[in-house]
Structure formats: structure tokens, C-alpha cells
Amino acid sequence: MAEISSLAEARGKSRPHADPVPRARWLLLASAKGGSGKTTTALNLAVLAANKGLKVALVDMDSQETATKWHMRRPEEAPRIRLFTVPLEKADRAIQQVDLAEKTDGLDVVVIDTPPSIDEHPIQARLLVERSDFVLVPTTQGLADVESVREWMGFLRREGANAAFVLTRTQRTYGSFQEARSLLLKSGQLCPMDIRQLEDVQSTHKFGVGICEIRRAKGVEDFEGVWDAVCHSMGM
Ligand SMILES: Nc1ncnc2c1ncn2[C@@H]1O[C@H](COP(=O)(O)OP(=O)(O)OP(=O)(O)O)[C@@H](O)[C@H]1O
Ligand SMILES: [Mg+2]
């Protein structure tokens, strides 16, 4: 089974020992399909990283600004996440701004949330893919979503991206879950952990937190598992 654990070495994009100066790892959340869990995954992974003591930037490139609104609700006492709100059309400017912040304040992880229309912006998509250490492609287990992201993965592979699908909002007992896994594995790498459809996940949006910051919430292990897999793939 092609899973993501060996990707970092295979693609040589993450280079934990090669950089003379430690450099922030860039994680791009991108899927041509709307409502696939990009923002929810992006903000939960950013929170996990921040709670592990890492300096985290969250880049919101979606004009709906869902991640920005979430950030405004974030409690003051919660670990800090630096926010950049820059539309996808200005991806070059976003990269410059984050680079400058890394130089002046230091950053460990940059998490980028993108709009569903990213496939209609190949120039910006290429810029971001080229810059990112890893591209995570969230999808639900619905057939239409799976078909759409398989096409998108074709683009990412042609661009030489270090990328993997992650199944989100899953219902593991449904037949469509295994069908989706099988189909996705035909087109690329698949994160070994999926993220279940859980009511508690909705609360993260409401309160500006990540699931790991809600006491006794369900789903922490789902996001933790995805984060661990992503870290491995980014050489962290
Ligand atoms: N694991 C989950 N369990 C329950 N609800 C979820 C889960 N993940 C996402 N959702 C909900 O599904 C909806 C879509 O999720 P989200 O906004 O993260 O997707 P998106 O890909 O960013 O969407 P868009 O393409 O519109 O930006 C939201 O209402 C969100 O709260
Ligand atoms: Mg979104």
C-alpha cells in the first residue's frame, strides 16, 4: 500500500539535515473540491503544532476568510498562531510576507489554507506547490469528491509535488469509505489516518480553537495521527 511515510526521502524536498539554517516547513492544504475539510484540517493542524511549542503561521488565501474569522474568535490565552490573510491571486505577496516574518521573528511551520478554486489559478498553484514541503489534499469519501481530487492529484504529480490525500468527514462503517481509499490509492499517496465526521469538530469553528483544546472532545487522535504523518513527510 502506498502510504505517505516514505515520501520525504523519496522526493528529497524536505531536508532536515541539508539546510545550514533551520527553515520553516510549509504545509499546503489544497483540493479543487469545496467543503472537503481544507480549512478545518488546516486550523486543527496549526493548533496542534502551536500546542507543541512550535512557532506557527496560518495563511488564509480564501476570500471567504473562514480561517481569519476563526482566528478572530481565538481565545487570548491560547497558544499564538500568526495569521496572514492574502487572496490566492496574490500568492507571491503572501510568500514574501511569510518569508519576512520568518526572518524577523522566526517560524517553524507555515500552514496554508486555500480556496476550492485553486485549480483555476495554475500560476499561483505552481508557486505555492513549488514552495511547499508537503501538499495535503483533503477529500470526503463521496465518489464525486474522490473523482475530483484524483484529477487534482494528477496536476500535483506533474508539478513534482510531495503530496498525499487525506480522507475527512469520514464514516468508516460505510462501504464508500473503503471504496474511496481504494480509488485514491490508485492515484497517489494516502494519509494512513483519516478524520471522522464528528459533531465536536464543528465546535472548533465556533470557539476559535482546535479539537485538542476542547476537553474530552472526540477526534483528537484523528488530527494527531494526520499531524504525525505530515511531520514525518516534512522531515520534522
Ligand atoms: N471532521 C468533521 N466533522 C464534522 N464536520 C466537519 C468536519 N470537517 C469539516 N466539517 C464541517 O464541514 C464543513 C466544510 O468544512 P471546511 O470549511 O473545513 O471545508 P473547506 O474545504 O475548507 O470548504 P471550502 O471549500 O468552502 O473552503 C464545515 O461546516 C465544517 O465545520
Ligand atoms: Mg475553506
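Q: Which residue stands opposite Trp-26 in strand 4?
A: The general idea is that two strands are said to pair when DSSP finds at least two bridges between them. Here Trp-26 stands opposite Val-110 in strand 4. Strand 1 (residues 25-29) and strand 4 (residues 109-113) pair in the parallel sense over 5 bridges. Strands (E, at least two residues) and helices (H or I, at least four) are DSSP runs, numbered from the N terminus.

Q: On what basis should such statements be read?
A: The model is predicted: local features need pLDDT of at least 70, side-chain atom pairs count only at pLDDT 80 or more, and totals for chains, interfaces and linings use all residues. Residues are numbered from 1 along each chain as its sequence is written, chains are lettered from A and ligands numbered from 1 in the order in which they are written, and side-chain values use heavy atoms, with hydrogens and water left out.

Q: In what order do the strands form the sheet?
A: The sheet is open and has 7 strands in the order 3-2-4-1-5-6-7, with parallel pairing. Its edges are strand 3 (81-85) and strand 7 (189-190), each of which pairs on one side only. Strand 1 also runs parallel to strand 5, joined to it by 3 bridges, and Leu-27 has Phe-134 of strand 5 as its bridge partner. Strand 5 in turn pairs with strand 6 in the parallel sense over 5 bridges; there, Val-137 stands opposite Phe-165. Elsewhere, 5 bridges join strand 2 to strand 3, again running parallel, and the bridge partner of Val-56 in strand 3 is Ile-81.

Q: How many residues of strand 5 are buried?
A: Burial is read from relative accessible area: under 20% is buried, over 50% exposed, and values in between partly exposed (1.4 Å probe, protein chains only). In strand 5, 6 of the 6 residues are buried, so the strand is largely enclosed by the rest of the structure. Both of its faces are covered: Phe-134, Leu-136 and Pro-138 lie on one side and Val-135, Val-137 and Thr-139 on the other, all buried. Strand 2 has 5 of its 5 residues buried and is therefore largely enclosed too. Val-56, Leu-58 and Asp-60 point one way from strand 2, while Ala-57 and Val-59 point the other way.

Q: How should the packing of two helices be described?
A: Two packed helices are described by the angle between their axes and the distance between the axes. Axes are lines fitted to C-alpha atoms, for helices over the stretch in contact, and angles run from 0 to 180 degrees between N-to-C directions. Angles under 35 degrees count as roughly parallel, over 145 as roughly antiparallel, 65 to 115 as roughly perpendicular and the rest as oblique. In this structure, helix 4 (residues 91-105) and helix 5 (residues 122-131) have axes that come within 9 Å and cross at roughly 30 degrees. Helix 4 is therefore roughly parallel to helix 5.

Q: What is the arrangement of helix 2 and helix 9?
A: Helix 2 (residues 38-51) and helix 9 pack at an angle of about 80 degrees, their axes being 10 Å apart. These helices are therefore roughly perpendicular to each other. Contact means heavy atoms within 4.5 Å. Thr-40, Thr-41, Asn-44, Leu-45, Leu-48 and Ala-49 in helix 2 meet Phe-223, Glu-224, Val-226 and Trp-227 in helix 9. By class, this contact divides into 6 nonpolar, 3 polar and 1 charged residues, where Ala, Val, Leu, Ile, Met, Phe, Trp, Tyr, Cys and Pro count as nonpolar, Asp, Glu, Lys and Arg as charged, and the others, Gly among them, as polar.

Q: Where are Glu-65 and Arg-216 found?
A: Glu-65 is found in the loop between strand 2 (56-60) and helix 3 (66-72), whereas Arg-216 lies in the loop between helix 8 (199-207) and helix 9. Glu-65 has a positive phi of about 55 degrees although it is not a glycine; Arg-216, also not a glycine, has a positive phi of about 60 degrees. Glu-65 is partly exposed, at 34% relative accessible area, and Arg-216 counts as exposed at 76% relative accessibility.
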